[in-house]
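Me: I am new to this structure and would like to go through it carefully, one question at a time. Could we begin with the whole and then turn to single helices and residues?

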Amino acid sequence: MARFPRAREMFMALMDSTTGNVVRDYSIDQLREAANRMRGYDLVALCAAGSGHAGGTLSIMDITAALYLHAANHDPRNPSWPDRDRIVWSAGHKAPSLYLGLAFAGFCPINDVVTLRKLSSPYQGHPHCLKLPGVEVSTGSLGQGLSIAVGMALAGRLDAKSHKIFCLMGDGEQQEGQIWEAAMEAGHFHLDNIVAIVDCNRLQIDGWVKDVMQVEPLGEKYAAFGWEVLRIDGHDMGQIVDALQKARAVVGRPAIILADTVKGKGVSFMENQPGWHGKAPNREELDAALRELGLSDHIPVESLLDEAKSFQAEADRKLAFNMPRFSRDYWWNSGATMQVKMEPTRKGLGQALAENGDNERVVCLGLDISGSITISDFYAGKPERAKRWISLGIAEQSATSAAAGMAREGKLPVLGSYATFSAARNLDQIRVSVCYANLNVMIVGAHAGVSVGPDGATHQALEDLFAMQGLPNMSVVVPCDIVEARKATNYLLLKHQGPKYIRFAREATPIVTDETTPFVFGKANVIRLRGEESNFAGAFETRLAAGYRNESEDLCIVAIGPMVPEAMRAARILKLEYGYETRVLNLHTLKPIDAEALVCAARDTGVVITAEEHQIGALAWRVSSILTASPQLYGLPLITGAIGVKDRFGDSGAPWELVKELEVSAEHIAHKAQELMTIKKKGVPELHLTTA
Ligand SMILES: Cc1ncc(C[n+]2csc(CCOP(=O)(O)OP(=O)(O)O)c2C)c(N)n1
């Protein structure tokens with residue numbers, strides 16, 4: 001029977017910040033052994049999470065062990081010790097390695113890492129410095145860490161400190177232009193308190209780095225910026241320890257260690273496989289991997305998975321407790337009738353690009369997230385289109401201006417990534433290169449909103465629509481399902497002139513439209529519940545708002561994107577619970593907005609609730625500004641409410657958990673509607689204002 005040591009007994013503090021004494025140091029063999037165990041715990045945590053990045057966490061683990069257990073001067077009992085070395089984890093998706101480095105060093109219990117990516121866990125999908133002591137900075141948007149390190153190094157110099165700033169990056173990440181700005185700054189300022197490390201595993205999401213966008217020769221590039229360059233085998237513990245020591249001793253210039261590694265190192269079926277970039281092992285794969293690592297009897301897998309389950313059970317309990325309650329369960333597909341099919345909306349983009357890809361003007365740009373956002377469907381099985389598929393790597397800002405250049409030459413470029421990278425990181429490029437010149441560039445904001453789930457707040461675009469709709473010349477469409485996404489892409493790509501932004505979620509969401517449902521750019525649809533059906537979508541009638549005749553409904557819900565199906569479900573709750581009739585307005589085109597449909601709905605119902613899977617305001621404030629400025633509504637009573645994210649960041653968690661946690665479900669809409677309907681019927685409760 002294997003005996004499993006308790007985390008805190010086995011690994012102790014490395015330095016005592018009060019005396020400056022080393023409390024524990026590791027031999028090369030012990031570091032190797034620790035790295036191997038960290039690989040095992042990493043895979044258990046990924047398996048328990050059901051998502052995460054196996055490949056890049058395994059490739060960096062030897063360096064992680066050397067850094068956290070040997071090279072860095074830090075005291076786990078005093079994580080904010082001012083003289084500690086800082087470790088900036090720029091490659092945020094490799095977060096589990098960082099967590100295990102911290103845990104093995106004694107900053108947190110090793111077992112707790114198994115709560116990775118679960119709702120409210122300190123072990124977020126990408127590191128968050130406000131949730132876990134020892135995490136220096138919040139990362140996840142690639143390419144920012146080295147600049148943070150430059151800032152820390154400059155601050156350290158101003159304060160006459162001697163600690164070092166280590167910065168861990170990926171080789172694909174080197175495609176981000178910001179890194180080269182930071183590299184120049186560190187060289188210019190002779191920041192010898194920086195030690196950068198690049199995990200050169202030669203792979204990124206879309207394939208080999210050299211094919212996606214060559215970054216080598218990295219050594220010559222950093223050397224040209226004035227850096228001391230060391231190149232090592234990133235799995236040879238002796239070389240790692242030696243390089244960290246040498247880099248630390250460099251005077252007068254920053255140092256960088258280029259570590260040649262193998263993505264998926266240690267697990268034969270993961271090694272050098274691009275498919276394991278963003279994938280977690282299932283239970284069978286976990287067992288096979290642990291056998292290969294020689295850890296089957298050395299890691300308490302069952303009890304770790306049990307810990308993960310009970311953490312999840314507690315999260316479930318809290319979520320259920322906080323949900324608005326009704327006389328029965330109305331959640332998706334919870335009953336025998338009103339069943340709905342779900343598909344990811346993003347697939348509609350891929351379908352439309354595949355359909356229209358023969359048009360020689362269409363050019364699709366790859367930003368290293370091509371398969372999952374479906375933009376690569378453009379050339380799938382069509383080798384003749386391959387020349388119009390241009391990979392620009394992880395370089396959203398440059399790609400945006402490059403797209404502007406193509407559009408200026410008559411092409412119809414399409415570029416996309418996580419919405420927060422394709423419509424926020426590159427905002428000034430969108431503003432000046434694209435919008436100011438009114439160019440035909442299509443920007444795809446994929447994986448937007450909360451439904452990107454366990455990746456956590458860094459990847460959940462909840463602010464993109466503020467900027468996109470605020471830009472002159474920009475058109476904005478937020479389709480409600482896969483079918484509407486296809487129609488919208490078809491329209492925007494070939495028929496629409498000027499800059500355009502299309503936004504959708506990652507998760508499978510209900511299909512509530514079909515081929516016959518109207519889609520007219522700039523014109524809202526009215527959706528009305530007509531009864532109960534076996535098929536949810538079939539229970540509703542949809543018409544163009546312009547052709548709809550007032551049925552004097554009790555209230556109106558104005559929704560965009562994935563909130564349209566939620567609004568429809570809310571309409572059903574309101575009908576069955578309270579007998580209210582609801583007009584749902586699908587405002588798929590947020591800009592130009594269908595003001596007439598909004599004004600009619602407000603005039604006809606007197607109650608308007610907006611529903612957006614975004615920070616409250618992109619829709620709510622836009623709608624409010626139209627309603628309050630419409631002379632047709634002057635003097636008429638109007639009650640409004642807004643459903644959306646309430647000025648907070650998201651969290652890691654399952655997509656549908658986050659819909660509940662961030663209060664953007666049908667239940668939340670219905671609850672708000674009920675509140676407003678009470679006011680409509682009884683009037684505003686008397687306000688008791690106290691004056692000082
Ligand atoms: C700014 C930004 N763009 C895109 C992504 C999505 N993304 C996450 S990991 C990754 C590939 C990173 O490749 P690399 O740096 O080589 O890491 P590794 O292969 O070692 O995991 C991408 C594109 C991101 N996190 N940040």
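Reply: Contact here means that heavy atoms lie within 4.5 Å. The model is a predicted one, and its features are taken up below in that light.

Me: Among contacts between residues at least 6 apart in sequence, what percentage join residues at least 24 apart?

Reply: The count leaves out pairs that are fewer than 6 places apart, and it then asks how many of the remaining contacts join residues at least 24 apart in sequence. For this protein, which has 24 helices and 22 strands, that share is 79%.

Me: Why does the radius of gyration agree with a compact globule, and what is its value?

Reply: The C-alpha atoms fill a box of roughly 80 × 60 × 60 Å along the principal axes. A compact globule with 692 residues would have a radius of gyration near 26 Å, and the protein agrees with this because its own value is 27 Å.

Me: What percentage of the 692 residues count as buried?

Reply: A residue is called buried when its relative accessible area is under 20%. The protein exposes about 26,600 Å², of which carbon and sulfur atoms supply 52%. By that cut-off, the buried part of the 692 residues is 59%.

Me: Which helix gives the largest share of the largest nonpolar core?

Reply: The largest nonpolar core has 75 residues, and those with the most contacts inside it are Leu43, Val44, Tyr99, Leu244 and Ile257. Setting aside neighbours within four places in sequence, tyrosine 99 is in contact with residues including Cys108, Val113, Leu116, Tyr123 and Leu132. The largest share of the core is 11 residues, and these come from α2.

Me: Within what arc do the buried residues of α12 fall, seen down the axis of the helix?

Reply: Helix α12 covers residues 301-322 and reaches 32 Å from its first C-alpha to its last, close to the 32 Å expected for its 22 residues. Its buried residues are Val301, Leu304, Leu305, Ala308, Gln312, Ala315 and Leu319. Seen down the axis of α12, these buried residues line one face of the helix, because they fall within an arc of 95°.

Me: Which elements are included in what covers the buried residues of α12?

Reply: The cover over the buried residues of α12 is given by elements from separate stretches of the chain, residues 28-49, 283-292 and 655-661 being included. In the order of those stretches, the elements are α2, α11 and α23.

Me: Within what arc do the buried residues of α7 fall?

Reply: Helix α7, residues 177-188, reaches 17 Å from its first C-alpha to its last, close to the 16 Å expected. Buried in it are Ile179, Trp180, Ala182, Ala183, Ala186 and Gly187. Seen down the axis of α7, its buried residues line one face, because they fall within an arc of 160°.

Me: Which residue with a positive phi follows α7?

Reply: What covers the buried residues of α7 includes α6, β2, β3 and α9. After the helix comes a residue whose phi is positive, near 50°, and this is histidine 190.

Me: Is threonine 64 buried or exposed?

Reply: Threonine 64 lies in helix α4, residues 61-71. Leaving aside neighbours within four places in sequence, its contacts are with Met38, Leu69, Trp89, Ser97 and Gly101. Since its relative accessibility is 0%, threonine 64 counts as buried.

Me: What relative accessibility does lysine 246 have?

Reply: Lysine 246 lies in helix α10, residues 237-249, and its C-alpha atom is separated by 8.7 Å from that of leucine 230, which is 16 residues apart along the chain. Lysine 246 counts as partly exposed, because its relative accessibility is 45%.

Me: Which residue does a cis peptide bond join to proline 217?

Reply: Proline 217 is found in the loop between α8 and α9. The cis peptide bond there has an omega of about 0°, and the residue that it joins to proline 217 is glutamate 216.

Me: Is threonine 374 buried or exposed?

Reply: Threonine 374 is placed in the loop between α14 and β10, and although it is not a glycine it has a positive phi of about 75°. Because its relative accessibility is 6%, threonine 374 counts as buried.

Conventions:
Residues are numbered from 1 along each chain as its sequence is written. This is a predicted model: local features need pLDDT of at least 70, side-chain atom pairs count only at pLDDT 80 or more; totals for chains, interfaces and linings use all residues. Side-chain values use heavy atoms; hydrogens and water are left out. Helices (H or I, at least four residues) and strands (E, at least two) are DSSP runs, numbered from the N terminus. The expected span of a helix is 1.5 Å times one less than its number of residues. Buried means under 20% relative accessible area, exposed over 50%, partly exposed in between (1.4 Å probe, protein chains only). The arc is that of the directions from the helix axis to the C-beta atoms. The radius of gyration is taken over C-alpha atoms; the globule rule is 2.2 Å times the number of residues to the power 0.38. Accessible areas come from the Shrake-Rupley method with a 1.4 Å probe; for residues, only the protein chains shown count as cover. A nonpolar core is a set of buried Ala, Val, Leu, Ile, Met, Phe, Trp, Tyr and Cys residues joined through side-chain atoms within 4.5 Å.
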